[in-house]
Amino acid sequence: MRDNLSPREQIGNLSALPASREFFGKLRMAQLPNNGSLLKTRFCQARSLVILLLVCGTTALAQAQQPKFKVIVLAEASSIHKPFVDAAKVWLAKESIAGNFSIDYIQNTEKIDGALLSRYQLFLQLDYPPYAWTPAAASAFQKYIEQGRGGWIGFHHPTLLGEFDGYPMWQWFADFMGGIRFKDYIASFATAKVNVEDQTHPVMRGLGASFEVEREEWYTYDKSPRPNVRVLASVDEKTYVPDSPLKMGDHPVVWTNEHVKAKNVYIFMGHRGEHFQNQAFTTLFRNAIFWAATS
Ligand SMILES: [Zn+2]
């Protein structure tokens, strides 16, 4: 496709236009014997045309290479979730080329401040927990979300809300997630059906009425976030294989908080790298990126 020509190929095409050495040669031969100043004028006009074409071509090329949006990914560096994060990086690399967006990764919150976040249209929290953030990072993130400076997608750990690893609960984050507190999880995993509750929402496009998710931990919380968020999908606990006594009843797994300005999606599923072989999961991820990153 022409839009995908490499810089070398595009410049090659420009040089094939009449403004070439051959063109100048013909011009010189035709004009030189009779009128030197006319030749000089024509030559200058032709040279201007070449410069204009080159400038326009270079500008068009620069525009074609500009990413549509920039994503900053806060990725959990080393844990049992590394296979998920690693698989996400491979998938995102391909998607960023196909979708023309750029990705930068950070593995802790030390560099996060307002200046850093201002360069990104989407903050992707890849299995990174909502605790042990620097105060500057927490403050900048809160502003980013509340003031809608960019979008947000969080997978799995952002609802690890409570006292973990010696850190207190980040109450603002708990409210962002619908006023919930983490309670338990199915450590032995269960496969289950996820019901799409809002097929009209852009994040759920193409997913149908339900889809299956293999072997997840299905976190439970002290209460359903539903009163405080817009639920997009919930897990049908009756379909757990194997069955588990850990049940919430109303059990949302994908939702968005419409009380903040940032377009945001929380997606619970995100423990195993094999999710990237599940077309429903990758569709959900892709939809979320393009919805949350664009205003
Ligand atoms: Zn997990």
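This report covers the fold, the main sheet, two helices and the nonpolar core of a predicted model.

**Overall fold**

The protein chain holds eight helices and eleven strands. It has 295 residues, and 33% of them count as buried. Among contacts with a separation of 6 or more, 76% join residues 24 or more positions apart.

**The sheet**

Nine strands make an open sheet with mixed pairing. Their order is β2-β1-β3-β4-β11-β10-β9-β6-β7. β2 and β7 (210–216) are the edge strands, each pairing on one side only. Direction ignored, neighbouring strands are turned by 20° against each other on average. Within the sheet, β1 and β3 pair in the parallel sense over five bridges. Val73 stands opposite Leu124 in β3.

Two helices pack on this sheet. α4 touches β1, β2 and β3. α8 touches β1, β3, β4, β7 and β11.

| Helix | Residues | End-to-end C-alpha distance | Expected span | Angle to a strand |
|---|---|---|---|---|
| α4 | 82–99 | 25 Å | 26 Å | about 155° with β2 |
| α8 | 279–293 | 21 Å | 21 Å | about 155° with β4 |

**Helix α4**

α4 has 18 residues, and its end-to-end distance of 25 Å agrees with the 26 Å expected at 1.5 Å a residue. Phe84, Val85, Ala88 and Leu92 are its buried residues. They cover an arc of only 80° around the axis, so they sit on the same side of α4. An α-helix has 3.6 residues a turn, so residues three or four places apart point the same way. The buried residues of α4 pack against β1 (70–75), β2 (102–106) and β3 (122–126). On the other side of α4, Val90, Ala93, Lys94, Ile97 and Ala98 are exposed. Just after the helix, Asn100 takes a positive phi of about 55°.

**Helix α8 and the core**

α8 has 15 residues. Its buried residues are Phe281, Leu284, Phe285, Ala288, Ile289, Trp291, Ala292 and Ala293. They pack against β1, β3, β4 (151–155) and β11 (264–267).

The largest nonpolar core has 67 residues. Val71, Leu122, Leu126, Val254, Ile267, Ala288 and Ala292 touch the most other members. Helix α8 gives the most to this core, with eight residues.

Which residues does Leu122 contact, leaving aside its neighbours within four places in sequence? Leu122 is in contact with Phe69, Val71, Gly150, Gly151, Ile289, Ala292 and Ala293. Of these partners, Ile289, Ala292 and Ala293 are buried residues of α8.

Notes
Residues numbered from 1 in each chain as written. Predicted model: local features only at pLDDT ≥ 70, side-chain atom pairs only at ≥ 80, totals over all residues. Helix = DSSP H or I, 4+ residues; strand = E, 2+ residues; numbered from the N terminus. Expected span 1.5 Å × (residues − 1). Buried ≥ 20, exposed ≤ 12 C-beta atoms within 10 Å, placed from the backbone. Arc of directions from axis to C-beta. Contact = placed C-beta atoms within 7 Å. Core = buried A, V, L, I, M, F, W, Y, C linked by C-beta atoms within 7 Å. Pairing = 2+ DSSP bridges. Axes fitted to C-alpha atoms, helices over the stretch in contact; angles between N-to-C directions.
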